[in-house]
Amino acid sequence: MDFSEKDSVDAVLASFADTPDPRLREVVESLVRHLHGFLRETRPSIAEWERGIEFLTAIGQKCDEHRQEFILFSDVLGASMLVETMEAQRQAQDATASTVLGPFHVVRSPERALGDTIDSVGTGEPCLIEGSVADPDGSPVPGARIDVWQADDHGYYDVQVPDAQPLGNGRGLFTADDEGRFWFRSIVPAHYPIPTDGPVGALLAATKRHPYRPAHVHFIVEAPGYVPVTTHVFVQGSAYLDSDAVFAVKQSLVRDFAPSDDAATAARLGLPNPFRRARFDVVLQPAAGADR
């Protein structure tokens, strides 16, 4: 039988009929149905289809050890945030909200002691970020691991400007104390554009979309027996909180980086006075069946 528009889905689904993994078969069959539906709806020419393949190829070619253009593509389409949102529906309502990983978690954060600074450049406004890790009942989670990374005050991550920032700047891996507390020094991050020098940037330009993200600090918090959370803390008052290019802002994650005139605390922590101060308490959901 000749391959036809009417029977295309059935023909391709039949080719996957012997897929042994039921979940893989479900995903592939759904992909085929939606892809063929998309093609019938938009009816691309061969030249347009080839251009689409060239676009995806260019995304892959832009990826390297310091850049993940496919994550960026997923982010600007809202796909990353939709997956995060659906995953969050499986979690306790009082657990800290998750949000996108982003394309710059590509370098292992250096181990740092509580109270250390993650800023080795010293050009931004100094701040203290402190918080705690607890379960939904409020019991502390001692020894939780807190992985943080952020852009500098010009909106760049270390891997974007290696001549201006040493690798590991703006990053830190901390271990909460026996009461689940953590604190570290940094600078107030700036809002910034996602990278626009690749195919994703070209897509945004062609569709007249801005590339900006509001100021934020990334967190991954995890501990044995708990569901890890990938999240941000957003700077209250930052530009683009209402129009994040990757749709990642949740109001529960916005915090005031408030001015603090506290000479004693500044001296104890090794900060200039005055400085900015933000608090971000994290609630982890217990893993199903975990023995803690």
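**Reasoning from values to terms in a predicted model**

Modeller: In this predicted model, the count of disulfides comes to zero.

Colleague: What makes a pair of cysteines a disulfide, and how many are there here?

Modeller: The two sulfur atoms would have to lie within 2.5 Å of each other, and by this rule the count is zero.

Colleague: Why is Cys127 called buried or exposed, and what is Cys63 called?

Modeller: Buried requires a relative accessible area under 20%, and Cys127 has 0%, so Cys127 is buried. Cys63 has a relative accessible area of 23%, which falls between the 20% limit for buried and the 50% limit for exposed, and Cys63 is therefore partly exposed.

Colleague: Let us turn to the helices. How are α4 and α6 placed, and what is their packing called, roughly parallel or roughly antiparallel?

Modeller: Helix α4, residues 69-76, and helix α6, residues 199-206, pack at an angle of about 25°, with their axes 9 Å apart. Angles under 35 degrees count as roughly parallel, so α4 is roughly parallel to α6.

Colleague: Which residues make that contact, and how do they divide by character?

Modeller: On the α4 side the contact is made by Glu69, Leu72, Phe73 and Val76, while α6 contributes Pro199, Val200, Gly201, Leu203 and Leu204. These residues divide into seven nonpolar, one polar and one charged; Glu69 is the kind of residue that counts as charged, and Gly201 counts as polar because glycine is placed among the polar residues.

Colleague: Now the strands. How do you know whether β9 is mostly covered?

Modeller: Strand β9, residues 229-235, has seven of its seven residues buried. Val229, Thr231, Val233 and Val235 point one way from β9, whereas Thr230, His232 and Phe234 point the other way, and all of them are buried.

Colleague: What makes β7 and β10 partners of β9?

Modeller: Two strands pair if there are at least two bridges between them. Strand β7, residues 216-222, and β9 have six bridges in the antiparallel sense, so they pair, and Val217 has Val233 in β9 as its bridge partner. For β9 and strand β10, residues 254-255, there are two bridges in the parallel sense, so this pair also satisfies the requirement of at least two; here the bridge partner of Phe234 is Val254 in β10.

Colleague: What is the strand order of the sheet to which these belong, and why are some of its strands said to stand at the edges?

Modeller: The order is β3-β2-β7-β9-β10, an open sheet of five strands with mixed pairing. β3 (171-175) and β10 stand at the edges because each has a single partner strand, which leaves one side of each without a neighbour in the sheet. Further along that order, strand β2, residues 145-150, is joined to β7 by six bridges and the two run antiparallel, with Val221 in β7 as the bridge partner of Ile146.

Colleague: Why is strand β1 described as largely enclosed?

Modeller: Eight of the nine residues of β1, which spans residues 126-134, are buried, so β1 is largely enclosed by the rest of the structure.

Colleague: Which strands pair with β1, and in what sense?

Modeller: β1 and strand β4, residues 181-187, pair in the antiparallel sense over seven bridges, and Glu130 stands opposite Trp183 in β4. Strand β12, residues 275-279, runs parallel to β1 and is joined to it by four bridges, with Ala278 in β12 as the bridge partner of Ile129. Strand β13, residues 282-283, is also parallel to β1, with two bridges, and there Ala134 stands opposite Val283.

Colleague: Finally, the backbone. What makes the bond from Asn273 to Pro274 cis, and where is Pro274 found?

Modeller: Omega of that peptide bond is near 0°, and Pro274 is found in the loop between α7 (263-269) and β12. Most peptide bonds are trans.

Colleague: What is noted about phi of Lys208 and of Phe247, and are these residues exposed or partly exposed?

Modeller: Phi of Lys208 is near 60° and that of Phe247 is near 65°, each a positive value in a residue other than glycine. Most residues other than glycine have a negative phi. Lys208, in the loop between α6 and β6 (212-213), has a relative accessible area of 76%, which is over 50%, so Lys208 is exposed. Phe247, in the loop between β9 and β10, is at 44%, between the limits of 20% and 50%, and therefore counts as partly exposed.

Technical notes
Residues numbered from 1 in each chain as written. Predicted model: local features only at pLDDT ≥ 70, side-chain atom pairs only at ≥ 80, totals over all residues. Heavy atoms only, no water. Buried < 20%, exposed > 50% of the residue type's maximum accessible area, 1.4 Å probe, protein only. Axes fitted to C-alpha atoms, helices over the stretch in contact; angles between N-to-C directions. Parallel < 35°, antiparallel > 145°, perpendicular 65-115°, else oblique. Contact = heavy atoms within 4.5 Å.
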